[in-house]
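Suppose you sit down with a colleague and a model on the screen, and want to learn how to read it piece by piece. Here is how such a conversation might go.

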Amino acid sequence: MEHGVSAIKEQHKAIVDTIKGITAGDWKVLVLDEATKKIIDNAVSEDEILNRNIANIEQIEHKREMNQTMDAIYILSPLPYIVDCLLADFERGRYRKAFLLWTGVLAPELGRKFSGFRQQIASFDTLFIDFIPRESHLITFRDPWSLPVFFHPACNNLVAEHMRTVAQKIAAVCITLGEIPKVRYYHPRNPTHEASVLCTHLARFVQKELDDYKEWDPNFPPPSSRPQAVLLITDRSMDLMAPLIHEFTYQAMAHDLLPIKEGEKVTFHMSVNEGAEEKDMELGDKDKVWVENRHRHMKDTIDKLMSDFQRFIEQNPNFTDQNQDTTSLNAIKDMLAGLPQFQEMKEAYSLHLTMAQESMNIFAEHKLPDIGSVEQTLATGLDEDFKKPKNVLDQVVRLLDDPDVTPSDRLRLIATYVLYRDGVIAEDIKRLLAHASLPPSEAEKITNLEFLGAQPTRALKPLRPPPPPLFPRNAKTLTLQDEEYALSRFEPAVKLMLEDLCRGALDPALFPYTVPPLDGSDDALASQGSLRSAAPKWASAHNRQKQTRQRIIVFMAGGATYSEARSCYEISEKLNRDVFLATTHMLTPQLFLRQVGDLSVDRRRLDLPMDRPKPRAPAHLFERPAPPPMITPPAGPAANRPAPPLGGGGAPRPPTKGLGAMTLSSGSSSSAAAASPAIAGDGQDGGKPGKLVKEKEKKRRNFLGMKK
C-alpha cells in the first residue's frame, strides 16, 4: 500500500533540488565518495543527475583527470580520510571551484583544515541525507554492526561514539521529512541487562541534535497542517519473539525461506526466458506487483496473483488459449512462458509466482504449519482458542523429533520455548539441544539472549515472577475470523505500541518523553484535529487528508524485522497516520540468531569496522605528475646559453604556502557537541552558494554552514 509521502521521494527531492540550485544552468562535475555514492544511487538515477547540468560523476578515492576549467560539486561523508582526499584535490587545484556538501555534521577540527583554501571553495553546506530509504516508509542505516556494538559486553568503549553517529542519522531522517518531533523512548520495567539504558541515552543524543538544528534554523520545521510528529526510540530487547517466529505474510516469509540477497539492492536469483537465462531480479518499490502484495498473507498473495492473471487473460483473449487451466501456479507459469509480447509484465509475474511457489513448497515440506501453530502459542501465551495452553512441551519435543523439521527451525523453536517459559535450568537447554540433534555450541545462541534482557536460564526455583506483557491484551476480545489466519495471531510489540500511542494510551512510564509536554498529555495523537496551521479552504478533501496525516517515526536500534515493517504500514492505513520505521539494519531469523551467538565471542573475531585500521586517502591522490622529459640541446652556440631561472618551468613547486596556512586542532572530536563545517578566518556567510562560513566558537555545536 502506497501513501502520498515517501522517504525515498523526500531524499530524492533534497538531492536533486540541491544539485539543480548549484548548477543553475552551468555545467559542473559531481564528485562522490564510496559511501555517498551508495546513498545517491539508491535515491536518484544517474541519468537524472546528468540531466541537471552534471557533465560527469566521479569518485574522490579514484584516479581522475585534472579539470581546472570546470567547477565541482562534492557530496561527501564527514570523515577524516575523505577530508584528506579533498585536501589533495585542493592542493593540486584539480577543479576550478568547489561547492562542498557534507552528508552529516563535520567536526570542527576537520573544518579548520580548509582555512588555507578559502579561494577555491564556493560554498560549504550540510545536506542531511546520511541514511538509506529502502521503501517509502522503511529506512535503514545498513549497519549490522550496531547490534554487537550496543549489546556485546566487550564493546562498551564504542557505545558513546556510535550513539552519536546513530543519533545524527536519526536527526537527518527527521529533518529530511521536515519534522522536529516529540521524542519518546523505551524505558524497560525492572531491567536486568546492562544495555537497558540504551534508549534513554540515545534519545537524549537525538534531542540534542534536533535542538541544535532548531537553534540554527528557528524557522524549521516549515509551516504545515499536520500535528507535530512523534519519534519513538526503541531497541531490539523490546520484542525478542518477533525475530524468531515464522511470519506468513509474503515479504517476511520470502526473506525467511528464500535465498534473497541483500546488498546495494534486494534481489532474487531465478531463471528467465524458459530457463535460457539466469537473472537477479530486483525487489523494490519500482515493482508494483511486489509493493501491492508484500504485506498480504501468503494465501491472499497467491489468490491475488492468480486473479490478476485471470483478468489479464480475459482482457487479452487474442494472446491466450481460453481453454487452458488457470487454477494452479504451475499452469499460469507455463502460460506466461508463451507470452513474449508482454515482457515486463511477464517477468514481474514470473518472479512473484516463482517466489510464492518456492515458499509454499518449503512451507509444506518442512512442517511449517505445525511449527507455526506451536510458535504462535509460545509467542502469545494463548492457544488457538485464546486460552492458556496445555502440554506445550510435548508439542515442542514432538517437532524436535521430526526429521522434516530443519535444524535452524529446531533451534528457533527451542529459543522461543525458553522465552515463553521465562527461562529454564541450564541442563534443560542441553537436553533440548541433544533431543534436537543440535551441537552443544548452539546453546550460546539461546543463553546470550540475556544480553538483550531475557532470562534464558534460571535456578530450579524461579527468583522472579514472569514479567507481565508490555502491552496487555484482553483475551475475551480476541476472535479469529478465519482458520487460515490462526498462524498469524502474534502481533509484534511495535504494532501494539503504535496502537496505544494513537489512542493516547501509551504508558508514559514505559515510554517517557525527553521533553515532557507542557499540558502533560498527548491529545493530538488521539485525534487529527490539532493542526500547526489551518489547511487552505480550496484544498480537496483527499489532498487535505494526506497533508494532515500525522507522522510517526519508530527507530529500532539493533535491527528490525519485516513483520515490524508491515505493522507500520498497517497502522498507517488503519489509523490515518504516516508511520516510518527506521532501523540500523533489517533482520531475518537466521541473521538474528547468528548475531546473538556472536555476543559471547572474543571481540577481535567480530571484525568490527571500528576495530579495523582507519581508512586513509589513497596514495595516488598525492602523486605529482612526472616532469617533462629533458631535451638535450643541440651542439653549437645554443649550448652556451644560460640555464633558465629556478621556478620558471619544469615540475610544479610544492604548495608550501597552502600547507603553511593549514591548522590542526589538538582537541578530540565530540560528536554530540561537534561544530558544523566551518572555515576559520573568513567573514562570509556559508548559507548561500558562493560564500564561505564564518566560524563561531560556541560551547554548544552550531550549525553554521548547513544547508537550510
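The dialogue below goes from the whole chain to its strands and helices.

Q: Where do I start, and how many helices and strands are there in the chain?
A: Start with the kind of model: this one is predicted. Then take the inventory, which here comes to 24 helices and 14 strands.

Q: What share of the 708 residues is buried?
A: Buried means under 20% relative accessible area. By that cut-off, 53% of the chain's residues are buried. As for the surface, the chain exposes about 33,300 Å², and carbon and sulfur atoms supply 52% of that area.

Q: How do I read the contacts along the sequence, and what percentage join residues at least 24 apart?
A: Set aside the local ones and consider contacts between residues at least 6 apart in sequence; 78% of these join residues at least 24 apart.

Q: Why is strand β5 described as largely enclosed?
A: Look at burial residue by residue. β5 covers residues 121–126, and six of its six residues are buried, so the rest of the structure largely encloses this strand. Its pairing with β4 (residues 98–102) is parallel and spans five bridges. To find the register, locate A98, which stands opposite I121 in β5.

Q: Now a sheet: in what order do the six strands of the open sheet lie?
A: Read across the sheet from one edge to the other: β6-β7-β14-β13-β9-β8, with mixed pairing. The edge strands, β6 (132–135) and β8 (182–185), each pair on one side only. For the twist, ignore direction: neighbouring strands are turned by 25° against each other on average.

Q: Which helices should I look for against this sheet?
A: Take α1 and α8. Helix α1 (residues 7–23) packs on the sheet and touches β6, β7 (138–140) and β14 (577–583), with its direction at about 140° to that of β6. Helix α8 (residues 198–216) lies across β8, β9 and β13 (550–557), and runs at about 145° to β9. While you are there, note that β8 and β9 (residues 230–235) pair in the parallel sense over four bridges, with K182 opposite V230.

Q: And a helix pair: at what angle do α14 and α15 pack?
A: Check angle, distance and then residues. Helices α14 (residues 368–380) and α15 (residues 392–401) pack at about 145°, their axes 10 Å apart, and the crossing is left-handed. From α14 the contact uses D370, I371, V374, T377 and L378, and from α15 it uses V392, Q395, V396 and L399. By type, that contact has six nonpolar residues, two polar and one charged.

Notes. Residues are numbered from 1 along each chain as its sequence is written. This is a predicted model: local features need pLDDT of at least 70, side-chain atom pairs count only at pLDDT 80 or more; totals for chains, interfaces and linings use all residues. Side-chain values use heavy atoms; hydrogens and water are left out. Helices (H or I, at least four residues) and strands (E, at least two) are DSSP runs, numbered from the N terminus. Buried means under 20% relative accessible area, exposed over 50%, partly exposed in between (1.4 Å probe, protein chains only). Contact means heavy atoms within 4.5 Å. Accessible areas come from the Shrake-Rupley method with a 1.4 Å probe; for residues, only the protein chains shown count as cover. Two strands pair if DSSP finds at least two bridges between them. Axes are lines fitted to C-alpha atoms, for helices over the stretch in contact, and angles run from 0 to 180 degrees between N-to-C directions. A crossing is left-handed if the near helix is turned anticlockwise from the far one by less than a right angle, and right-handed if clockwise. Ala, Val, Leu, Ile, Met, Phe, Trp, Tyr, Cys and Pro count as nonpolar, Asp, Glu, Lys and Arg as charged, and the others, Gly among them, as polar.
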